[in-house]
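Before reading on, please take a moment to look over the sequence and the fold together. The report below is meant to be read with both in view.

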Amino acid sequence: MPAPMKTARRALLVASAVVSSLALTAPVSHAAPKPSPSTSPSATPPAGMSTVGGERLGQAGTQVNLASGVPVLPKDLTARSWVIADAESGDVLAAHNAHWRLPPASTMKMLFADTVLPKFPKSVEHKVVPSDLVDVGAGSSMVGIKEGETYSVHDLWLGVFLRSGNDAVHVLSKMNGGIDNTVKEMNEHAEELQALDTNAVSPDGYDAPHQVSSAYDLTLIARSGLQKKDFREYCSTVTAKFPGSTSKKKGKSVRETFEIQNTNRLLAGDSDIPVYQGIAGVKNGNTTNAGATFTGVAERNGKVLLVTVMNPEKSEHNEVYKETARLFDWGFKAAGKVQPVGELVPPKSAAQASAQPGSNNSGEAGGTGDAEKSSKSAVGASAASGSTGIGVALGITGGALVLLAAGVFLINRRWPLPDLVCRRGRS
């Protein structure tokens with residue numbers, strides 16, 4: 001694997017790098033047949049779980065290769081399931097009941113976004129009718145969509161990612177051909193990603209019989225979503241202005257706005273938890289059946305990690321974020337020292353394309369020049385949107401904006417992670 005090549009840039013001191021990416025070596029045969037979803041989660045992990053990503057990931061309990069120089073895992077972890085992985089290489093550094101199928105709550109919205117987000121340009125507008133909101137579950141988290149008002153697709157996605165608005169999810173689903181069609185497409189996309197523990201019943205993650213995922217799958221889905229620039233922008237935005245009601249003032253129609261804040265506490269902070277250094281998303285959730293769930297991505301010293309935590313038993317306020325932060329801390333210390341216990345597998349189509357004889361080893365994934373243009377446009381779009389956020393993804397180094405721009409397919413075993421705009425979380 002070639003080392004990342006860093007070059008000085010102009011005013012913004014942009015660093016471009018060819019990031020390491022997912023090794024497509026895991027045979028698809030590792031994927032166990034998709035089991036029938038259970039109505040409710042069991043009290044203990046099942047004896048037989050999927051082995052997608054490696055045999056050890058199908059075993060119950062904590063999986064980690066401790067050795068000399070490898071830090072000991074945090075002792076105060078109470079989550080039913082968790083995974084910590086290198087977002088670029090796909091290595092799973094450690095895991096606990098990785099394939100335990102559990103209710104995902106609003107982390108299911110990552111699959112919804114990864115499936116539907118490419119369908120509509122940001123500028124498309126939609127006037128909300130009563131039927132758009134009729135199926136929203138009682139007690140759902142809402143961003144405040146109003147019947148009769150018009151919203152842009154950009155507005156709706158801000159509502160999905162920042163406020164976890166089920167009303168925004170349902171409007172986008174109706175635009176996408178309805179709830180049933182959207183759920184069908186989500187399950188097809190999960191299968192393409194080899195997220196075989198996942199079964200979507202509703203697009204928003206609202207508690208429903210048979211709606212399950214796993215820490216492994218949610219990490220896999222997040223990694224797929226992070227391939228998309230818009231996904232990265234939305235999931236890393238801290239605050240934004242959202243359209244409110246239209247009223248008449250001095251004979252003119254005036255659309256009010258109100259501020260919405262991201263409910264991801266590692267991104268926005270809270271009274272008992274600071275913003276996590278290098279955090280850049282991804283999605284949180286909390287329902288009666290699921291408890292608290294969270295998948296996060298963070299960068300530190302050039303290393304990008306993904307952590308998923310599902311349903312901590314400890315009832316302390318913001319416990320899911322506190323356990324996630326401890327796992328991130330461990331991962332950044334252990335990265336480069338610990339032998340992985342498995343890997344995040346590629347999508348089926350990526351593995352098949354890689355396996356084809358004569359496949360193009362130099363297929364462009366946004367080479368250095370294109371990556372710089374893409375990164376600059378992403379920064380401009382974020383600034384122009386009026387949103388206050390971490391940026392599109394990840395860290396400031398010495399006050400300079402740092403971009404990790406994916407290069408080309410170096411060999412056909414590499415699945416590149418595209419440009420990540422890095423920005424440090426607030427202290």
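The following paragraphs go from the whole chain to its cores, its helices and some individual residues.

## The chain as a whole

The model shown here is predicted. Its protein chain contains eleven helices and 17 strands, and of its 427 residues 58% count as buried. When contacts with a separation of 6 or more are considered, residues 24 or more positions apart account for 70% of them. The chain exposes about 17300 Å², and carbon and sulfur atoms supply 53% of that area.

## Two nonpolar cores

The largest nonpolar core has 67 residues, and those with the most contacts inside it are Ile-145, Trp-157, Phe-161 and Phe-231. Helix α3 gives the most to this core, with seven residues. A second, separate core has 31 residues, including Ile-84, Ala-298, Leu-327 and Val-338.

Phe-161 can serve as an example from the largest core. Once neighbours within four places in sequence are left aside, Phe-161 is in contact with Ala-113, Leu-117, Phe-231, Tyr-234, Cys-235, Asn-262 and Lys-283.

## Helix α3 and its end

Helix α3 runs over residues 153-163 and is mostly covered, since ten of its eleven residues are buried. Among the buried ones are Trp-157, Leu-158 and Phe-161. Arg-163, which also lies in α3, has a relative accessibility of 33% and therefore counts as partly exposed. Apart from residues up to four places away in sequence, Arg-163 touches Ser-141, Met-142, Val-143, Leu-158, Ile-260, Gln-261 and Thr-263. For Arg-163 and Met-142, which are 21 residues apart in sequence, the C-alpha atoms are 6.8 Å apart in space. Just after α3, Ser-164 takes a positive phi of about 55°.

## Helices α5, α6 and α1

Helix α5 covers residues 179-192, and because each residue should add 1.5 Å, its 14 residues should span 20 Å, which agrees with the 20 Å between its end C-alpha atoms. The buried residues of α5 are Ile-179, Thr-182, Val-183, Glu-185, Met-186, Asn-187, His-189 and Ala-190, and they pack against α1, α4 and α6. Just after α5, Gln-194 has a positive phi of about 65°.

Helix α6 is mostly covered, with eleven of its eleven residues buried; Arg-223 and Asp-217 are among these buried residues. Helices α1 and α6 pack at an angle of about 35°, with their axes 9 Å apart, and the crossing in which α1 passes α6 is left-handed. On the α1 side the contact is made by Met-110, Leu-111 and Asp-114, while Leu-218, Ile-221, Ala-222, Ser-224 and Gly-225 make it on the α6 side.

## Buried or exposed?

How does one decide whether a residue such as Asn-311 is buried or exposed? The relative accessibility of Asn-311 is 18%, and a residue counts as buried when this value is under 20%, so Asn-311 counts as buried. Further residues are set out in the table.

| Residue | Place | Relative accessibility | Class |
|---|---|---|---|
| His-99 | loop between β4 and α1 | 2% | buried |
| Asn-97 | loop between β4 and α1 | 4% | buried |
| Asn-311 | strand β11 | 18% | buried |
| Arg-163 | helix α3 | 33% | partly exposed |
| Lys-250 | loop between β7 and β8 | 88% | exposed |

Asn-311, leaving out residues up to four places away in sequence, touches Thr-78, Ala-79, Arg-80, Ala-290, Gly-291, Ala-292 and Thr-293. His-99, with neighbours within four places set aside, is in contact with several residues, including Met-49, Asp-197, Ser-214 and Tyr-216. The C-alpha atoms of His-99 and Met-49 are separated by 5.9 Å, although these residues are 50 residues apart along the chain.

## Backbone details

Most residues other than glycine have a negative phi, and most peptide bonds are trans. Asn-97 is a residue other than glycine with a positive phi, near 50°, and Lys-250, which is not a glycine either, has a positive phi of about 55°. Gly-281 and Val-282 are joined by a cis peptide bond, for which omega is about 20°. Val-282 lies in strand β9, which spans residues 279-287.

Conventions
Residues numbered from 1 in each chain as written. Predicted model: local features only at pLDDT ≥ 70, side-chain atom pairs only at ≥ 80, totals over all residues. Heavy atoms only, no water. Buried < 20%, exposed > 50% of the residue type's maximum accessible area, 1.4 Å probe, protein only. Contact = heavy atoms within 4.5 Å. Areas by Shrake-Rupley, 256 points an atom, 1.4 Å probe, with all protein chains shown as cover. Expected span 1.5 Å × (residues − 1). Core = buried A, V, L, I, M, F, W, Y, C linked by side-chain atoms within 4.5 Å. Axes fitted to C-alpha atoms, helices over the stretch in contact; angles between N-to-C directions. Left-handed = near helix turned anticlockwise from the far one by under 90°.
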